[in-house]
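Please open the model in a viewer and keep the selection tool at hand. The stops below proceed from one strand to its sheet, and then to the side chains around it.

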Amino acid sequence: MKKTFKVYCTYTPEGKYYIGFSSKSGAQYEKYFGSSKQILEIIKNNPNHGYRKITIGEYEKKSHAKAVEAMLQWNNRHDERMMNDMWNVRLRLSHLKELTIPKWKP
């Protein structure tokens, strides 16, 4: 079976969500809800955590999955329900909420 790369969303019972990327498959992927410190701590301490996960997209190329993950995180950076704070480009999304992109064309 060829390895694929997934972009997923984990939902908490409180209505928050986490957008992530994974190359895991099978049972490993099913048990994986994200690398957020908050998520890892809750799952470790509460096996009945109530989190649910959906796969948004599955890609053959890692670069495609990483780009989709980054775009979804960027597009939702103003949403207080989104738990992501570390962007895969190593910038905190919470620090970019007030950023406006100039309307510029080369």
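Which residues point one way from E2, and which the other way? The model is predicted, and a selection of E2 with side chains displayed gives the answer. Tyr17, Ile19 and Phe21 point one way, while Tyr18, Gly20 and Ser22 point the other way. In general, side chains in a regular strand alternate between the two faces of the sheet. The residues on both sides of E2 are buried, and the strand is accordingly described as mostly covered, with six of its six residues buried.

**The sheet**

Next, add the other strands to the selection. Three strands make up an open sheet, ordered E2-E1-E3, with antiparallel pairing. Strand E2 (17-22) and strand E3 (52-59) are the edge strands, each of which pairs on one side only. From one strand to the next, the twist averages 20°. Helix H3 (residues 62-75) may now be displayed: this helix packs on the sheet and touches E1, E2 and E3. The direction of H3 makes about 165° with that of E2.

**Strand E1 and its partners**

Select strand E1 (residues 5-11), which is joined to E3 by seven bridges, the two strands running antiparallel. Two positions serve to trace this pairing: Val7 has Gly57 as its bridge partner in E3, and Tyr11 has Arg52. On the E2 side, E1 pairs over six bridges, in the antiparallel sense. Here Lys6 stands opposite Ser22, and the bridge partner of Tyr8 is Gly20. Is E1 largely enclosed or exposed? Six of its seven residues are buried, so the strand is largely enclosed by the rest of the structure.

**The hairpin and Thr12**

Follow the chain from E1 towards E2. The hairpin of these strands has five residues between them, and within the hairpin Gly15 takes a positive phi near 95°. Thr12 is placed in the loop between E1 and E2. Since burial requires under 20% relative accessible area, Thr12 counts as buried because its value is 8%. Which residues should be displayed with Thr12 as its contacts, leaving aside neighbours within four places in sequence? They are Tyr51 and Met83. Along the chain, Thr12 and Met83 are 71 residues apart, yet their C-alpha atoms are separated by 9.8 Å.

**The aromatic cluster**

Now display the aromatic rings. The whole structure contains six aromatic pairs. One of them joins Tyr8 and Tyr32 in an edge-to-face arrangement, with 5.9 Å centre to centre and 75° between the planes. Tyr8 belongs to strand E1, whereas Tyr32 belongs to the loop between helix H1 (26-31) and helix H2 (37-45), so this pair ties together parts that are 24 residues apart in sequence. Both residues are buried: Tyr8 at 1% relative accessibility and Tyr32 with a relative accessible area of 19%. Extend the selection to the cluster, which consists of Tyr8, Tyr18, Tyr29 and Tyr32. Tyr18 was encountered at the start of the tour, among the residues of E2.

**Charges over the rings**

For the last stop, keep the cluster visible and add two lysines. Lys6 lies over the face of Tyr29, 5.0 Å from the ring centre. This is the residue already seen opposite Ser22 in E2. Where does the charged end of Lys53 sit? It sits over the ring of Tyr8, at 5.9 Å from the ring's centre. Tyr8 thus offers a convenient final view: bridge partner of Gly20 in E2, ring partner of Tyr32, and member of the four-tyrosine cluster.

Methods:
Residues are numbered from 1 along each chain as its sequence is written. This is a predicted model: local features need pLDDT of at least 70, side-chain atom pairs count only at pLDDT 80 or more; totals for chains, interfaces and linings use all residues. Side-chain values use heavy atoms; hydrogens and water are left out. Two strands pair if DSSP finds at least two bridges between them. Helices (H or I, at least four residues) and strands (E, at least two) are DSSP runs, numbered from the N terminus. Axes are lines fitted to C-alpha atoms, for helices over the stretch in contact, and angles run from 0 to 180 degrees between N-to-C directions. Contact means heavy atoms within 4.5 Å. Buried means under 20% relative accessible area, exposed over 50%, partly exposed in between (1.4 Å probe, protein chains only). Rings of Phe, Tyr and Trp (its six-membered ring) pair if their centres lie within 6.5 Å; planes under 30 degrees apart count as stacked, over 60 as edge-to-face and the rest as tilted. A charge sits over a ring if NZ of Lys or CZ of Arg is within 6 Å of the ring centre and within 35 degrees of the ring normal.
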